[in-house]
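I opened a fresh page for this structure. I wanted notes on backbone outliers, strand pairing and helix packing.

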Amino acid sequence: MNETMATKPAALDIETLAWDKQDGLLPAVVQDADTLRVLMVGYMSREALAKTLDSGQVTFFSRSKGRLWTKGESSGHVLALVRLETDCDRDTLLVQARPHGPTCHLGSVSCFPDAPGDTLGALQALIRTRHAERPAGSYTTKLFDAGIKRIAQKVGEEGLETALAAVAEEDAPLLGEAADLLYHLIVLLQARGLSLDDVRAVLDTRRG
C-alpha cells in the first residue's frame, strides 16, 4: 500500500462540503491509518483541505494563529495523509494518516491518552519501519535479510507450534505461540509488499 495519498479522492468535491455551518471551517478527526487510534481533532478551511490533498501532509486552519498550519511544521512530527472522507452530512472530515513522531504537543502519541487502538496495526507499522530502516541487531531485520524462503519457513514452524500448543498446552503457551505466529505472518506479508489491510479486504469479500 502507498505510504501517502496526495491526490483528491474522486468522491470528494471540496465546494460541495457544508462550509456554511461553522463559518467556513469543518472539524477534522485525525485517525492513525494503521492502529485506527484517534490522534487529534482540528479544523480545516477550504484552503487547508486543498493543501492537505495537494501536499500529502495534513494541514489545518489554526483558529488561534488565524492562518494555515501544517501539523509538524516546527517539530517535524508531520501527519502523512493516507485517506480522507466526509460524514453523511458532509460537515465533518475523517482523516487517516501515518504520524511521524508524537501527535500531541505534550509528546504523547495521541491527544487522547486513553484512545483505543489496534495492537496488530501498531505491530505492522513497526515492522514496516524495520523493513525500511533495517536497524542493526534487530531480529526483524535479520528475518528480512534472510529472505522470503526463511520467513516462510518460520511461519510454518510457528504455525505447527501453535497447533501443537492448542492440543497439548495450557492457554498461556497457546497464546504465546499464536502471538509469534501473527508476528511472523505480518513480516512475511511485508516482505511480499502486502499488509493486514490486504488480508482484511479478502475477508470482506467472504462475509456471509
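**Positive phi, strand E6, helix contact**

I started in the loop between helix H2 (119-133) and helix H3 (139-146), where I found Arg-134. The model is predicted. Arg-134 is not a glycine, yet I read a positive phi of about 50° for it. Is Arg-134 buried, partly exposed or exposed? I looked up its relative accessibility: 32%. Buried would need under 20% and exposed over 50%, so Arg-134 counts as partly exposed.

I kept the general expectation in mind: most residues other than glycine have a negative phi.

Next I went to the loop between strand E1 (26-32) and strand E2 (38-44), which holds Leu-36. Leu-36 also has a positive phi, near 65°, and is not a glycine. I noted 44% relative accessibility for Leu-36, so this residue is partly exposed.

**Strand E6 and its partners**

I then turned to strand E6, residues 93-99. How many of its seven residues are buried? I noted five, so E6 is largely enclosed by the rest of the structure.

I checked the pairing with E1. E1 and E6 run parallel and are joined by five bridges. Within this pair, I found Val-30 opposite Val-95 in E6.

I checked strand E5 (residues 79-86) as well. E5 pairs with E6 in the antiparallel sense, over seven bridges. Here Leu-84 has Val-95 in E6 as its bridge partner. Val-95 therefore turns up twice in my notes: opposite Val-30, and as the bridge partner of Leu-84.

I looked at the connection too. E5 and E6 form a hairpin, with six residues between them. In the turn I found Arg-90, with a positive phi of about 60°.

**H2 against H3**

Back to the two helices that flank Arg-134. I wanted the usual pair of descriptors: two packed helices are described by the angle between their axes and the distance between the axes.

The axes of H2 and H3 come within 9 Å and cross at roughly 60°. That angle makes H2 oblique to H3. I recorded the crossing of H2 past H3 as right-handed.

Which residues meet in this contact? From H2 I listed Ile-127, Arg-130 and His-131. From H3 I listed Thr-140, Thr-141 and Phe-144. I sorted the contact residues by type: two nonpolar, three polar and one charged.

Methods
Residues numbered from 1 in each chain as written. Predicted model: local features only at pLDDT ≥ 70, side-chain atom pairs only at ≥ 80, totals over all residues. Heavy atoms only, no water. Helix = DSSP H or I, 4+ residues; strand = E, 2+ residues; numbered from the N terminus. Buried < 20%, exposed > 50% of the residue type's maximum accessible area, 1.4 Å probe, protein only. Pairing = 2+ DSSP bridges. Axes fitted to C-alpha atoms, helices over the stretch in contact; angles between N-to-C directions. Parallel < 35°, antiparallel > 145°, perpendicular 65-115°, else oblique. Left-handed = near helix turned anticlockwise from the far one by under 90°. Contact = heavy atoms within 4.5 Å. Nonpolar A, V, L, I, M, F, W, Y, C, P; charged D, E, K, R; others polar.
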